[in-house]
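Dear colleague,

Here is the structure I promised to pass on. Please open it next to this email, and my findings follow below.

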Amino acid sequence: MDKKELIERAEADGIKFISLQFTDVTGAVKSVDMPVNRLGEALEDGVWFDGSSVEGFARIQESDMWLRIDESTYAVLPWSPAELPRARVFCDIYTSDGSPFSGDPRGVLKRLLSKIKKMGWTFNVGPEPEFFLFKRNGPDRIHPVPHDVGGYFDFSANDDAVRVRTELMAALDTMGLEVEVGHHEVAIGQHEIDFRFADALRAADNVLTLKYTVKAIAAQHGLIASFMPKPIFGINGSGMHCHQSLFDADGNNLFYSSEGEFNLSELAYSFIEGQLSHARAMTALVAPTVNSYKRLVPGYEAPVYVGWAQTNRSALIRIPRYTPGKDKAVRAELRCPDPSANPYLAMTTMLAAGLDGIEKKMKCRPGLTDMNIYHLTTDERHQLKITELPGSLAEALRAAEEDAVIRKGLGEDMFLTFQRAKWAEVEEYRLKVTDWEMERYLEVA
């Protein structure tokens with residue numbers, strides 16, 4: 001869609017306001033809203049805004065920043081009032097001298113994707129974000145009360161959650177996401193909506209679209225939608241498994257081989273080994289909150305150990321089965337990401353790690369068998385050379401700080417910005433006194 005077509009489309013849709021959207025370093029969506037009659041001017045000249053108060057953006061003395069609209073991302077916001085219909089577009093961020101802003105997460109991903117585009121490659125990702133729907137049980141604080149009592153793939157003709165989920169899927173479809181399936185997940189109140197794989201930039205845009213659409217429509221039903229990785233102790237947390245593949249300019253799946261074991265090419269094996277080799281550092285970006293590491297524990301289907309397998313769901317990377325003849329479906333599923341991640345930074349990191357494996361022609365370690373790694377002893381895992389993911393955000397950050405490939409993939413400015421924000425989160429959590437500490441120590445210490 002070019003500029004003229006976008007203006008005509010907005011006019012035909014009766015749009016009154018346009019939201020110019022971007023994210024901060026943590027993945028929070030930021031928005032600059034303007035009347036639709038300014039759209040033509042914005043498309044030609046961009047829109048200036050003050051970046052000094054945005055997490056990870058410019059210092060006060062360098063606050064002026066410039067938004068450039070990506071016309072291809074136009075979508076009507078289906079929950080906007082009928083009398084004031086709104087649409088959104090995603091934007092790229094530039095500095096006052098017209099150069100791309102190194103702290104723009106979307107721009108960071110675009111820069112790495114431009115590298116493989118020169119090779120004729122496309123990085124395709126199919127994310128699977130999980131989320132919870134909770135009822136409000138108080139005006140001030142939310143102590144999670146699941147919206148339903150269903151389980152994995154459960155169906156009930158009178159289930160309120162089904163109605164909400166199908167409304168969500170319909171809204172996402174109108175916004176351009178190719179929704180494949182939606183279903184109840186393992187935990188009560190937990191859901192998943194899967195959409196068709198796309199190139200990494202569009203996939204990251206889709207994750208953001210899904211998150212705020214789910215939150216907006218849930219709120220209309222008096223519900224809280226949460227993408228928190230582990231909102232309730234003792235039940236499964238929410239992940240964002242990412243199905244990955246590389247395609248060439250002719251649409252051929254570079255991960256497929258008719259002769260390779262599991263129909264994986266040598267390039268695919270090198271990509272997998274690259275991610276396994278950088279897994280501990282990569283985790284800081286794909287599981288980037290203190291709470292993420294309460295999901296990445298044994299016993300709840302979340303990966304903890306670094307390895308790959310075809311059917312073993314305790315492995316970090318799984319090779320899903322596919323229908324013979326559907327070569328494009330051969331892929332590698334990375335299971336450690338969660339939906340609290342900034343999708344642009346997560347996909348940048350995933351690609352940087354995989355490309356390192358390809359560029360160095362890494363030989364992939366042996367795949368794991370059907371053994372349940374959770375049942376192995378520490379010595380048995382050591383003999384099999386199975387390492388563990390970090391057990392905390394602090395441990396993951398230290399691993400990332402020592403990983404030159406991850407830092408280079410993000411760019412040093414972006415990495416340092418992310419590092420500062422996340423160490424501040426670790427320190428804030430360290431200083432807080434939690435309910436658990438009060439219950440455990442108040443009367444016995």
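Does Lys408 count as buried or exposed, and what is its relative accessibility? Lys408 counts as exposed, at 72% relative accessibility. Lys408 sits in helix H11, which covers residues 404-410. Its C-alpha atom is 9.6 Å from that of Thr349, and 59 residues of sequence separate the two.

Please keep in mind that this is a predicted model.

**Overall make-up**

The protein chain has 445 residues, and 53% of them count as buried. Its secondary structure comes to 13 helices and 17 strands. Take the contacts in the chain with a separation of 6 or more: residues 24 or more positions apart account for 69% of them.

**The cores**

The largest nonpolar core has 93 residues. Phe123, Leu316, Ile317, Met347 and Met350 have the most contacts inside it. Helix H5 (residues 200-220) gives the largest share of this core, 12 residues. Another core lies apart from it, with 22 residues. Leu6, Phe22, Tyr74 and Phe101 are among them.

Met347 is a good place to start looking. Leaving aside residues up to four places away in sequence, Met347 touches Leu109, Phe123, Val125, Pro127, Ala200, Ala203, Ala204 and Val207.

**The cavity**

How many cavities of 30 Å³ or more are there? The count comes to one. About 40 Å³ of space lies in it. Its lining consists of Gln21, Phe22, Thr23, Phe90, Cys91, Asp104, Arg106, Leu208 and Tyr344. Strand E1 (17-23) and strand E6 (86-95) each give two or more residues to that lining. E1 gives the most, with three residues. One of the lining residues, Cys91, is buried at 1% relative accessibility.

**Cysteines**

How many disulfides does the structure hold? The count is zero. Cys242 shows the reasoning for one residue. Its closest cysteine sulfur is in Cys336, 8.5 Å away, so the two are too far apart for a bond. The cut-off for a disulfide is 2.5 Å between the sulfur atoms. Cys242 is also buried, with a relative accessible area of 1%.

**Two buried polar residues**

Gln190 belongs to strand E10 (residues 190-195). Gln190 counts as buried because its relative accessibility is 1%, and the limit for buried is under 20%. A polar atom of its side chain lies 2.8 Å from the backbone oxygen of Gly237. The side chain of Gln190 also makes a polar contact of 3.2 Å with the side chain of Ser238.

Arg318 is in strand E15 (residues 315-318). With a relative accessible area of 11%, Arg318 is buried too. What does its side chain contact at 2.7 Å? The partner is the side chain of Glu333, and the contact is polar. Arg318 and His243 are 75 residues apart in sequence, yet their C-alpha atoms are 9.1 Å apart in space.

**Helix H1**

Look at both ends of helix H1 (residues 3-12). At its start, a side-chain oxygen of Asp2 comes to within 3.2 Å of the backbone nitrogen of Lys4. Gly14 follows H1 and has a positive phi, near 70°.

**Positive phi outside glycine**

Most residues other than glycine have a negative phi. Two residues are worth checking against that.

- Asn263 has a positive phi, near 60°. Asn263 is in the loop between strand E13 (240-247) and helix H6 (266-277).
- Lys361 has a positive phi of about 50° and is not a glycine. Lys361 is in the loop between helix H8 (343-359) and helix H9 (378-383). Lys361 is exposed, with a relative accessible area of 66%.

**Where to look**

For a quick tour, begin at Met347 and the residues that Met347 touches. Then go to the cavity and its lining. After that, view the side chains of Arg318 and Glu333 together. End on Lys408 in helix H11.

Best wishes

Note on methods: Residues are numbered from 1 along each chain as its sequence is written. This is a predicted model: local features need pLDDT of at least 70, side-chain atom pairs count only at pLDDT 80 or more; totals for chains, interfaces and linings use all residues. Side-chain values use heavy atoms; hydrogens and water are left out. Buried means under 20% relative accessible area, exposed over 50%, partly exposed in between (1.4 Å probe, protein chains only). Helices (H or I, at least four residues) and strands (E, at least two) are DSSP runs, numbered from the N terminus. A polar contact is a pair of N or O atoms within 3.5 Å; within protein, one must be able to donate a hydrogen and the other to accept it, and residues adjacent in sequence count only if both atoms are side-chain atoms. A nonpolar core is a set of buried Ala, Val, Leu, Ile, Met, Phe, Trp, Tyr and Cys residues joined through side-chain atoms within 4.5 Å. Contact means heavy atoms within 4.5 Å. On a 1 Å grid over the protein atoms alone, a cavity is a set of points where a 1.4 Å probe fits but cannot get out, and a pocket is an open set with protein on both sides within 12 Å along at least five of seven lines; lining residues have an atom within 4 Å of a point. Grid points are joined across faces, edges and corners, and a volume is the space filled by probe spheres set on the points.
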